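Student: I'd like a close look at one part of this structure, please. Could you pick a spot, go through it slowly with me, and then show me how it fits into the rest?

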Amino acid sequence: MLSEFREFIAKGNVMDLAVGVIIGGAFATITTSLTADLIMPLVGWIFGGVDFSSKFILLGSIPEGIAATDYAALKKAGVAMIGYGAFLTAVINFLILAFVIFLLVKWVNKVMRRGPDAPAGPSEVDLLTEIRDELRKNRGLSPIQDE
């Protein structure tokens, strides 16, 4: 069983997948930074200085000593709330990541595109007919003559 597992791991597809997952994790960090540090501040500026990452709706009571507007502290304290700003940021993150992957796949398909397919040869029936006619010819029979 151990040798089968080693063979499975050594296959190219598994290694390619592992590399893809690692690169994907690193790319997700870049995408998160792009969203949190560039896009969302720009969106907030367009909408009048609103910071979407800390927009929420309180569902529970606020503990003593925590400001009602401090999203991170409320979340850390376990206060029930709906963090729609964090969700909006995650959705934008996903859309950016999906678009970049779409562009990457489109580019790879363009680069990997093969030339035109070779013209198809004769069909099986054509080959068999040709062989039959050649055999008959070698026996001295007419191609249209039946034995």
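Tutor: Let's begin with I82, which counts as partly exposed because its relative accessibility is 42%, a value that falls between the 20% limit for buried and the 50% limit for exposed. Keep in mind as we go that this is a predicted model. You will find I82 in strand 2, which covers residues 81-82.

Now look across from I82. Its C-alpha atom is separated by 5.1 Å from that of I57, although the two residues are 25 apart along the chain. If we leave out residues up to four places away in sequence, I82 touches K55, F56, I57 and L59.

One of those partners, F56, leads us inward. F56 has a relative accessible area of 16%, so it is buried, since buried means under 20%. F56 also belongs to the largest nonpolar core, a set of five residues that it shares with Y71, L74, V79 and M81. Notice M81 in that list: strand 2, residues 81-82, is where we found I82 as well.

Within this core, L74 is a good residue to click on. Setting aside its neighbours within four places in sequence, L74 is in contact with F56, V79 and M81, and its other contacts are L58, I62, P63, I66, A67 and A68.

The core also holds a pair of rings. A search of the whole structure finds two aromatic pairs. In one of them, the rings of F56 and Y71 have centres 5.4 Å apart and planes at 35°, so this pair is tilted. The tilted class takes in plane angles that are neither under 30 degrees nor over 60. F56 sits in the loop between helix 2 (12-46) and strand 1 (57-58), while Y71 is in helix 3 (residues 71-76), so to speak a link between distant parts of the chain, 15 residues apart. Like F56, Y71 counts as buried, because its relative accessibility is 14% and the limit is 20%.

Let's step back to see where this part belongs. The protein chain has five helices and two strands, and from the N terminus on they run α-α-β-α-β-α-α. Of its 147 residues, 11% are buried. Among contacts with a separation of 6 or more, 41% are between residues 24 or more positions apart.

For a contrast with I82, try T35 in helix 2. T35 has 0% relative accessibility and therefore counts as buried. Apart from residues up to four places away in sequence, T35 touches M40, P41, T89, I92, N93 and I96.

The surface has its own features. L104, W107, V108, V111 and M112 form a nonpolar patch there, with about 530 Å² of accessible area together. V111, one of its members, lies in helix 4 (residues 84-112). For the protein chain as a whole, the accessible surface comes to about 12,000 Å², and carbon and sulfur atoms account for 67% of that.

Finally, a word on charges. Side chains of opposite charge can pair when their charged atoms come close. The structure holds one salt bridge: it joins R132 and D133, whose closest N and O atoms are 3.1 Å apart. R132 is partly exposed because its relative accessible area is 39%, and D133, at 24%, is partly exposed too.

How values were computed: Residues are numbered from 1 along each chain as its sequence is written. This is a predicted model: local features need pLDDT of at least 70, side-chain atom pairs count only at pLDDT 80 or more; totals for chains, interfaces and linings use all residues. Side-chain values use heavy atoms; hydrogens and water are left out. Patches are made of residues with over 30% relative accessible area and no salt bridge: like charges are joined within 9 Å, nonpolar side chains (Val, Leu, Ile, Met, Phe, Trp, Tyr) within 5 Å. Accessible areas come from the Shrake-Rupley method with a 1.4 Å probe; for residues, only the protein chains shown count as cover. A salt bridge is a side-chain nitrogen of Lys or Arg within 4 Å of a carboxyl oxygen of Asp or Glu. Helices (H or I, at least four residues) and strands (E, at least two) are DSSP runs, numbered from the N terminus. A nonpolar core is a set of buried Ala, Val, Leu, Ile, Met, Phe, Trp, Tyr and Cys residues joined through side-chain atoms within 4.5 Å. Buried means under 20% relative accessible area, exposed over 50%, partly exposed in between (1.4 Å probe, protein chains only). Contact means heavy atoms within 4.5 Å. Rings of Phe, Tyr and Trp (its six-membered ring) pair if their centres lie within 6.5 Å; planes under 30 degrees apart count as stacked, over 60 as edge-to-face and the rest as tilted.
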